[in-house]
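Got your viewer open? Follow along stop by stop, selecting residues as they come up.

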Amino acid sequence: MKKILKAIIILMTVLIISGCFYGGDNVMVNPKPLKKQLTLYTIQGDSSVNQVIADSVYRFEKDNSSFEVVHELIPNDLYKNRLSVCVATNQMPDVFPTWSGGILKQYISIGGVVNLEKYMKTDNYSQRFNDKALKMVTDEKGIWGVPVENMSIALIFYNKDIFNALKLSEPNTFDELKDIIIKLKQHHYIPFALANRTAWTGSMFYMYFVDRLGGPSVFDNAANRKNNGSFDNDVFVKAGKMVQQLVNMGAFPQGFNWMDEDAGDSRNLLYNNSACMTLAGSWFISNVRYEKPEFVNKVGVFPFPSISGGKGDSRNTIGTLGDNFYSVASSCEYPDKAFELIKYLIDDTAVKKRIDAGKIPPVKELDIKDPLINEILGYINQSPNVQFWYDQYLPPKLSEAHLFLSRRIFGGEDPKRAAEQLESITKQYYNQ
């Protein structure tokens, strides 16, 4: 009996390996042909947007029955390292997001991404998108990405119930903001929820201080090595000192430099009424709508305040007008279909679903009815300059240095020493 069973197993194994089997009436039946595959990476943390992406993928597969999409969701902070490994091992996903900036420029320089200009210009498809958003992935040689996820700027979100209970008003100046911090501390609230383990969250304070003190040109000159720009400029030093002023006032929770933003550590402090405010990208609203929908009605928003004597326009913002941009890897076997997949991610159906999820899609003629989202859109529209996140604008090596030193400043590092270190690393990078 065992010999018969063993023979049957061997026969079945041979048939499986050969890729065929016998159907009724002794007719050999070949299995269905394998579908062509496209790999898609996404990094949207909140499930509401992941549902939008999943719906777009479903509709693409339904309309392209010979293709299947292998969709991988990756946490935001893990993604940067993951993509670096993919580049190094020449195993790039077919469709993947970046924030444009230094990372995308590197991929362009090594020929790692497809020039999408011919696709974007077909039937004037590029006219669908916000001009400023599209400009972020366009150079003299072509168009390297499609704005998909969100127009996002950093603003201060706050709990209206706490403000009302303490008779607080939205501040226009940094001095007024400090008065609010003092009053919140007196009533045992954490003024700002902050989880700064990965440093980009705290960096937003630093960037705003630089902008409000010196205007956009200070960073532009330092980053692009023009007009004698330098990262040890007094503005960067003063920005670091203002960060430490907030730290010394107790504006942030204990242990904030070790708390994890991806894990929701900062938002949870808001949800349980321990903290009152947060400086966050406007993706914050979609996170809240998914995690704690009843909290949305408590949320108010105001721009980062002006600084007395500062040169920066108080309407300036930091952020991006296309968070994220999707590109097609040069290694992709089916670039036409890959681009078609991207179009499904930001077609009319997806745009409506993204708006419902609390996003501001980077397309023209938006129909947004939510008053809070419209207020955010108003700040975007009136902003004379949207400073792209430093950690995405700078080349990866300098980005790492900026984040490392920014976190050190929050931990007590001398701001002048930190500024000098970043300038030294920058000089070394460009000399090489």
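## Start at a ring

Select Arg-407 and Trp-258: the arginine lies over the face of Trp-258, 4.4 Å from the ring centre. To count as a charge over a ring, NZ of Lys or CZ of Arg has to be within 6 Å of the ring centre and within 35 degrees of the ring normal. Now pick Lys-343 and Tyr-125, where the charged end of the lysine sits over the ring of Tyr-125, 4.8 Å from its centre.

Some ground rules before moving on. You are looking at a predicted model, where local features need pLDDT of at least 70 and side-chain atom pairs count only at pLDDT 80 or more, while totals for chains, interfaces and linings use all residues. Residues are numbered from 1 along each chain as its sequence is written, and side-chain values use heavy atoms, with hydrogens and water left out.

## Zoom out

Show the whole protein chain as a cartoon. Its secondary structure comes to 19 helices and 15 strands; these are DSSP runs numbered from the N terminus, with helices (H or I) of at least four residues and strands (E) of at least two. Along its principal axes, the C-alpha trace spans about 90 × 50 × 50 Å. Of the 432 residues, 53% are buried (buried means under 20% relative accessible area, exposed over 50%, partly exposed in between, using a 1.4 Å probe and protein chains only).

## Aromatic pairs

Colour Phe, Tyr and Trp next. How many aromatic pairs does the structure hold? There are 30 aromatic pairs. Rings (for Trp, the six-membered one) pair if their centres lie within 6.5 Å; planes under 30 degrees apart count as stacked, over 60 as edge-to-face and the rest as tilted.

Go back to Tyr-125 and add Phe-129: the ring centres are 5.3 Å apart and the planes are at 85°, so this pair is edge-to-face. Tyr-125 and Phe-129 are both buried.

Then select Phe-209 and Phe-304. Their centres lie 5.4 Å apart with the planes at 80°, so here too the pair is edge-to-face. Phe-209 is in helix H9 and Phe-304 in the loop between E12 and E13, so the pair ties together parts that are 95 residues apart in sequence. Phe-209 is buried at a relative accessible area of 0%, and Phe-304 is buried at 1%.

Keep those two selected and add Phe-174, Phe-192, Phe-205, Tyr-208, Phe-252, Phe-256 and Phe-410: ring pairs link them into a cluster.

## Into the core

Which residues touch the most other members of the largest nonpolar core? Select Phe-205, Phe-209 and Met-277, which do so among its 137 residues. Helix H9 (residues 200–214) gives the most to this core, with nine residues. A nonpolar core here is a set of buried Ala, Val, Leu, Ile, Met, Phe, Trp, Tyr and Cys residues joined through side-chain atoms within 4.5 Å.

## Along strand E9

Select residues 152–159, which form strand E9; eight of its eight residues are buried. Turn on the side chains: Ser-152, Ala-154, Ile-156 and Tyr-158 point one way, while Ile-153, Leu-155, Phe-157 and Asn-159 point the other. In a regular strand, side chains alternate between the two faces of the sheet.

Now bring in the partners of E9 (two strands pair if DSSP finds at least two bridges between them):

- E11 pairs with E9 in the antiparallel sense over five bridges, and Ala-154 stands opposite Gly-281.
- E12 (residues 299–302) is antiparallel to E9 over four bridges, with Gly-300 as the bridge partner of Tyr-158.
- E13 (residues 317–320) is antiparallel to E9 over two bridges, and Ile-153 stands opposite Gly-319.

## Two last stops

Stay with E11 (residues 275–281) and select Thr-278. Is Thr-278 buried or exposed? It is buried, with a relative accessible area of 5%. A polar atom of the Thr-278 side chain lies 3.4 Å from the backbone oxygen of Ala-193.

Finish at Ser-56, in helix H2 (residues 47–63). Ser-56 has 0% relative accessibility and counts as buried. Its side chain reaches the backbone oxygen of Tyr-344 at 2.9 Å. A polar contact is a pair of N or O atoms within 3.5 Å; within protein, one must be able to donate a hydrogen and the other to accept it, and residues adjacent in sequence count only if both atoms are side-chain atoms.
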